[in-house]
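Below are my notes on the pockets of this model and on the strand pairing around them, set out as numbered points for checking against the coordinates.

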Amino acid sequence: MTTSRITSAVAVLSALAFASAGPSAAGRADAATPVPILMYHVVTDPPAGAPYPELFVSKSDFAAQMRWLARHGYRAVTQRDVWNHWHRGTALPRKPVVISFDDGYRSVAEAALPEMRRRSWPGVLNLTVKNLRVSGGLSESRVRMLIAAGWELASHSLTHPDLTSLDDRSLSREVTHSRAALRSRFGVPVDFFCYPAGRHDARVIRAVRRAGYL
């Protein structure tokens, strides 16, 4: 999604939230409460020749989008916050939004974290385990810095494959071992899973559920 399309998506989600959330009070238990999720990848300008420039959002555009959300009454929450609201009736802000970051790039800590911290907002890091070992990926120390700032850690698989194309053994390894690896390294719950490239089917969903994700 390009920067302009992300900006447009924020406006569309705003209209959706206003229309469907209605005047309900914050904290009302309602399994139908809609919560938009915004997805980011790399928060910087794309370098020349970047193979997927649509995955980049400039630091200034990201900051402007966070200001827009705050100005229009949105407050960032985690997926756990949303799950607890839907299943246990715990409180949510009047206009909640999940701000998520896929894969795990260094710019998330360097550019996104300061903007989120300025508002005391948590983010959600959907971390691909292999990105801990690649150039431009998040280091373990930076992941711990995000966690210390109140961010939620979720799994985005071990190696970011198309899960629908894997045999059963490889599929189980991607969803189960990634959760175990992240929990072991960082000592936090890893209860949510983000499908790489959004690719999933009924078999993949079953594997994710068997792995213990919520």
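1. In this predicted model, the largest pocket encloses about 970 Å³ of space. It is lined by 36 residues, of which Gln79, Asn126, Phe193, Cys194 and Tyr195 lie closest to its centre.

2. Several elements share in that lining, since at least two residues each are supplied by strand 1 (37-40), helix 3 (79-88), strand 5 (96-103) and helix 7 (202-210). By class, the lining of the largest pocket comprises 20 nonpolar, 10 polar and 6 charged residues.

3. The second largest pocket has a volume of about 250 Å³, and among its 13 lining residues the closest to the centre are Val42, Phe56, Tyr105, Ser135 and Gly136. Helix 4 (residues 106-118) gives the largest share of this lining, with 3 residues, while the lining as a whole divides into 8 nonpolar, 3 polar and 2 charged residues.

4. Strand 5 deserves separate attention: 8 of its 8 residues are buried, so the strand is largely enclosed by the rest of the structure.

5. Strand 5 pairs in the parallel sense with strand 1 over 4 bridges, where Tyr40 has Phe101 as its bridge partner. Strand 4 (residues 75-77) is likewise parallel to strand 5, over 3 bridges, with Ala76 standing opposite Val97. Strand 6 (residues 124-127) runs parallel to strand 5 and is joined to it by 4 bridges, and here Asp103 is partnered by Leu127.

6. As for the connections, strand 4, helix 3 and strand 5 form a right-handed β-α-β unit, and strand 5, helix 4 and strand 6 form a right-handed β-α-β unit as well.

How values were computed
Residues are numbered from 1 along each chain as its sequence is written. This is a predicted model: local features need pLDDT of at least 70, side-chain atom pairs count only at pLDDT 80 or more; totals for chains, interfaces and linings use all residues. Side-chain values use heavy atoms; hydrogens and water are left out. On a 1 Å grid over the protein atoms alone, a cavity is a set of points where a 1.4 Å probe fits but cannot get out, and a pocket is an open set with protein on both sides within 12 Å along at least five of seven lines; lining residues have an atom within 4 Å of a point. Grid points are joined across faces, edges and corners, and a volume is the space filled by probe spheres set on the points. Ala, Val, Leu, Ile, Met, Phe, Trp, Tyr, Cys and Pro count as nonpolar, Asp, Glu, Lys and Arg as charged, and the others, Gly among them, as polar. Buried means under 20% relative accessible area, exposed over 50%, partly exposed in between (1.4 Å probe, protein chains only). Two strands pair if DSSP finds at least two bridges between them. A crossover is right-handed if, with the strands pointing away from the viewer, the path from the first strand over the helix to the second runs clockwise.
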